[in-house]
Amino acid sequence: MSLQEIQDRIEAAERKAGRTVGETRLIAVSKVQPNARVQAILDQGHRIFGENRVQEAAGKWPAFRERYDNIALHLIGPLQTNKARQAMELAEAIHTLDRPKLAKTIARLAQEMGTCPELFIQVNTGEEPQKAGVLPADADGFIKEAQAMDLPVRGLMCIPPVEEEPSLHFALLAKIAARNGLSGLSMGMSGDFERAVALGATHVRVGSAIFGARAPQTG
Ligand SMILES: *Cc1c(COP(=O)(O)O)cnc(C)c1O
């Protein structure tokens, strides 16, 4: 699918849901993609990208930033506390705040650095043992904990279980965000971004539909 086609589909979904057209941010997930493909999307004027590994992002984006203005990088993969500083230096947004220890580390670094990326709290809506994120039952408490540390919590993020209807998870995420007064919803990927937009996504994370299939990630 072309970038334009995806943008058109997002707009159509916004219109159908009675939302403001153009308000959903499209994060082009460029992890593992060859630089030539990423550059082609930059050349089409797109500036919001997602990466899931700090190391890969660090190897790739400084050079692109020298050549293109106004790039916004969103870190969407699990974050180890020992990589938090590098992530905060690289990214405009981190979507995977998922535990108190990481919140404390980011809060301390934000004090020291005088700046902090926008943060999304990842919620494990499917309560999958192998998946990161706070459990739905713990979300309200963790959101308040992070806010009490003065962290800039923009919203919530989820990755629904592959075998389940994603809309149920998007609706749950939206409900948790609403009762906590959070407006940001990072949800929806290549296979389900229109359903996410229908349920209020403010940020959709779309990789393979834009760039084509990824080579399998190793390590
Ligand atoms: C890879 C990834 C995406 C993009 O997935 P596609 O199915 O290729 O669109 C979205 N969100 C997260 C957290 C990812 O790791």
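1. Let's start with a pocket. The lining of the second largest pocket divides into six nonpolar, one polar and four charged residues. Its volume is about 170 Å³. Which residues line the second largest pocket? They are Lys131, Ile159, Pro160, Pro161, Val162, Glu164, Pro166, Met189, Gly191, Asp192 and Arg195. As you look around, please keep in mind that this is a predicted model.

2. Now turn to the largest pocket, where about 380 Å³ of space lies. Of the 19 residues that line the largest pocket, Lys31, Asn52, Ile76, Ile159 and Met189 are the closest to its centre. By class, the lining of the largest pocket has seven nonpolar, eight polar and four charged residues. You may recognise two names here: Ile159 and Met189 also belong to the lining of the second largest pocket.

3. Lys31 deserves a stop of its own. Where along the chain does Lys31 lie? Its place is the loop between strand 1 (25–29) and helix 2 (35–43). UniProt, in an unreviewed entry, gives Lys31 the feature "modified residue: N6-(pyridoxal phosphate)lysine". Is Lys31 buried or exposed? Lys31 counts as buried because its relative accessible area is 15%, and the cut-off for buried is under 20%. Lys31 is also among the residues closest to the centre of the largest pocket, so try finding the loop and the pocket together on your screen.

4. Next comes a space of another kind. How many cavities of 30 Å³ or more does a search of the whole structure find? The search finds one, and the volume of the largest cavity is about 30 Å³. Its lining is made of Val54, Ala57, Leu73, His74, Leu75, Ala87, Leu90 and Ala91. Sorted by class, that lining has seven nonpolar residues, one polar residue and no charged residues.

5. Which elements supply the lining of the largest cavity? Helix 3 (54–67), strand 3 (72–75) and helix 4 (84–90) each give at least two residues. Strand 3 provides the largest share, with three residues.

6. Let's move to the start of the chain and look at Leu3. This residue sits in helix 1, which spans residues 3–16. Leu3 is buried because its relative accessible area is 5%, well inside the under-20% cut-off. Leaving aside residues up to four places away in sequence, Leu3 touches Leu26, Ile41, Gln44, His46 and Ile210. Leu3 and Ile27 are 24 residues apart along the chain, and their C-alpha atoms are separated by 11 Å.

7. A word on cysteines. How many disulfides does the structure hold? The count is zero. Two cysteines are worth clicking on. Cys158 is buried, with a relative accessible area of 0%. Cys116 counts as partly exposed, at 23% relative accessibility.

8. Finally, step back to the wider view. In an unreviewed UniProt entry, the annotation "domain: Alanine racemase N-terminal" covers residues 2–214. That span is 45% helix and 16% strand. How far apart do the end C-alpha atoms of residues 2–214 lie? They lie 16 Å apart. Leu3, in helix 1, and Ile210 touch each other, which is a nice contact to look for when you trace the two ends of this span.

Conventions: Residues numbered from 1 in each chain as written. Predicted model: local features only at pLDDT ≥ 70, side-chain atom pairs only at ≥ 80, totals over all residues. Heavy atoms only, no water. Disulfide = S-S within 2.5 Å. Buried < 20%, exposed > 50% of the residue type's maximum accessible area, 1.4 Å probe, protein only. UniProt positions renumbered as here; feature names shortened; annotations may be inferred. Helix = DSSP H or I, 4+ residues; strand = E, 2+ residues; numbered from the N terminus. 1 Å grid on protein atoms, 1.4 Å probe; cavity = no way out; pocket = protein on both sides within 12 Å on 5 of 7 lines; lining within 4 Å. Points joined across faces, edges and corners; volume = space filled by probe spheres on them. Nonpolar A, V, L, I, M, F, W, Y, C, P; charged D, E, K, R; others polar. Contact = heavy atoms within 4.5 Å.
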